[in-house]
Amino acid sequence: MSERPGVPAEFERALELLGQMALALTSEDSARRQIVVPTATAREEPSRVSEASEGLLVLDDDLRVVGLNEAALRMFGVTREDALYQDVTALLAGPDGEPPLRVSAGRGRRALVVSPFVAGRRAGGRFALEIRTTELSFAGASRHCLLVSDLSERRRLEAPTRQAEARYRALVEAIPAVTFMAALDGGDNEMYVSPQIESLLGFSQKEWLDDPILWFKQLHPDDQALWNEEFARGIATGGPFRAECRVLTRDGRVVWIHGEARLVRDDAGRPLFLQGIAFDITESKRAIEQIKEAQEAKIRTERLAAVGQLAASIGHDIRNPLGAVTNAFYYIAKKVRASPLAGEPRIAQFIGIVEKELKAATGIVSDLLDFARERPPALVACPLAPLVDDAFSVVPRPANVRLANEVPDTLPVPDLDKDQFRQVVVNLVQNAAEAIPAGRPGLVRVGGAAEGGEIVLTVADDGEGIPDEIVGKIFEPLFTSKVKGTGLGLSIVANTVKRHRGSVTVQSARGVGTTFTVRLPLGLRAAVAAGRP
């Protein structure tokens, strides 16, 4: 028998049984009030009807019961003799005294109309029913066939399942994690996600279920490849899946998620669905990052202390001998320039080389001592525009580089240690000039502005920029990318700015240039005098 569209298979089977009953009713023996089964095939049907779990009723147009199965007898608590040829209202009751059934005639046919909320009658009270109907006609006689289900019994039988489901949901939805399931069997993409998803990511359970790819949309772009690789690996190996990734919440925050899932297969080994759990590890990630930063800060502090001690030792041990060598050299150079040797090109060349290298060595020793000394700044009111001009005058720069002082004279005057801060500007400007390739014109601009209670000083160049892999290291002592650099210039800048209770940051783009930004508080002398941090 083929199923009709929209009609369940069990209903089709029930209709077949009812059809056999109606066929038998057309040949009933009125004296014995027994159903006469005319064929061998039909004779098999009474046993099938009696074994049905749902009640089967056959009514005539007067709504009298002309046939019913054993399940109906048990359901209504009656005998066959008591039920046959009685009005159906002896078994069924409608809502508020209304008739449970009525026959409607129209368009040449008669149809059975069932009231909503039909109840069954039996000793001890009423019970809720679900009724499905059809009409059959045999030998000119119309029969109405009813398939009757006891909802109270069904609910009783389903109660353990509902209770188990309720306990499961209570357990799943109370844990501080998101549980999920996604179908993989090639059919409808049935999914489940627990309500905790809303508190975690801001999307409701319904939104998540309505959009099966919402998870992939919200994955952090930098982690999508990682998740796809883990998903492919899990599918290929049969799981389990395990990954830590960042997910974007509805309001744009980044949440770290630890997700684990396993692949569930059918008896043939085909994948059916993924079942897993995900929970928020943002705080643990943040704690790990804080521990890492604290460890790095400790190492950096210890390194700075060691470098400071080394710098102080080298500075003091070398400065005096270097001073003596420099004085001796200038004396010899003076004598040589007054002698006939002064006209020899090689003599003049070597004098220039020694003079240049002595200045470089003296500069290194000065840098070491400046780095090693933690001299508190001697604060005075110090206009920035003249200080920048003063720094420009001592910066060695190539001929292709132009320096521009764009600090306005109207800028509020900060409190600075003039000598210390001039060295800050010298170091930043010199680095900027050296970042511009030889052979092409370049520009170093120093600007200033007032923002709130701060002075903002910027030093910008149009050089090659700083590679991304080293930009985070440039303020570390002894780190340098220059062939002859000491790695102390920017460390001195950072320390000096810090002693002025300010901050220094850098932004750089390869092939575009670099900008250092120094922020200094206004009214620093008053804050220091008042003991404010």
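**Exercise 1. Two helices that cross**

The crossing of H13 and H14 is right-handed, meaning the near helix is turned clockwise from the far one by less than a right angle. This is a predicted model, where local features need pLDDT of at least 70, side-chain atom pairs count only at pLDDT 80 or more, and totals for chains, interfaces and linings use all residues. Residues are numbered from 1 along each chain as its sequence is written, and side-chain values use heavy atoms, with hydrogens and water left out.

Task: work out how the axes of H13 and H14 are placed, and which residues meet.

Solution:
- Start with the axes, which are lines fitted to C-alpha atoms over the stretch in contact, with angles from 0 to 180 degrees between N-to-C directions. Those of H13 (residues 384-394) and H14 (residues 418-434) come within 9 Å and cross at roughly 60°.
- Now name the arrangement: H13 and H14 are therefore oblique to each other. Under 35 degrees is roughly parallel, over 145 roughly antiparallel, 65 to 115 roughly perpendicular, and the rest oblique.
- Then look at contacts (heavy atoms within 4.5 Å). From H13, Leu 384, Leu 387, Val 388, Asp 390, Ala 391, Phe 392 and Val 394 meet Lys 418, Phe 421, Arg 422, Val 425, Val 426 and Val 429 of H14.
- Sort them by class: 10 nonpolar, no polar and three charged residues make up the contact of H13 with H14.

**Exercise 2. A tucked-in asparagine**

Task: is Asn 69 buried or exposed, and which backbone nitrogens does its side chain reach?

Solution:
- Locate Asn 69 in the loop between strand S2 (65-68) and helix H4 (70-76). Helices (H or I, at least four residues) and strands (E, at least two) are DSSP runs, numbered from the N terminus.
- Check accessibility: Asn 69 has 1%, so it counts as buried. Buried is under 20% relative accessible area, exposed over 50%, and partly exposed in between (1.4 Å probe, protein chains only).
- Follow the side chain of Asn 69: it gets to the backbone nitrogen of Leu 56 at 2.9 Å, and to that of Ala 72 at 2.9 Å.

**Exercise 3. From H15 into the loop**

Task: how many residues of H15 are buried, and what is the phi of Arg 501?

Solution:
- Count along H15 (residues 489-499): nine of its 11 residues are buried, including Leu 490, Ile 492 and Val 493.
- Step on to Arg 501, in the loop between H15 and strand S19 (503-509).
- Read its backbone: Arg 501 has a positive phi of about 60° although it is not a glycine. Most residues other than glycine have a negative phi.
- Finish with the surface: at 37% relative accessible area, Arg 501 is partly exposed.

Note on methods
Polar contact = N/O pair within 3.5 Å; in protein donor to acceptor, adjacent residues only side chain to side chain. Nonpolar A, V, L, I, M, F, W, Y, C, P; charged D, E, K, R; others polar.
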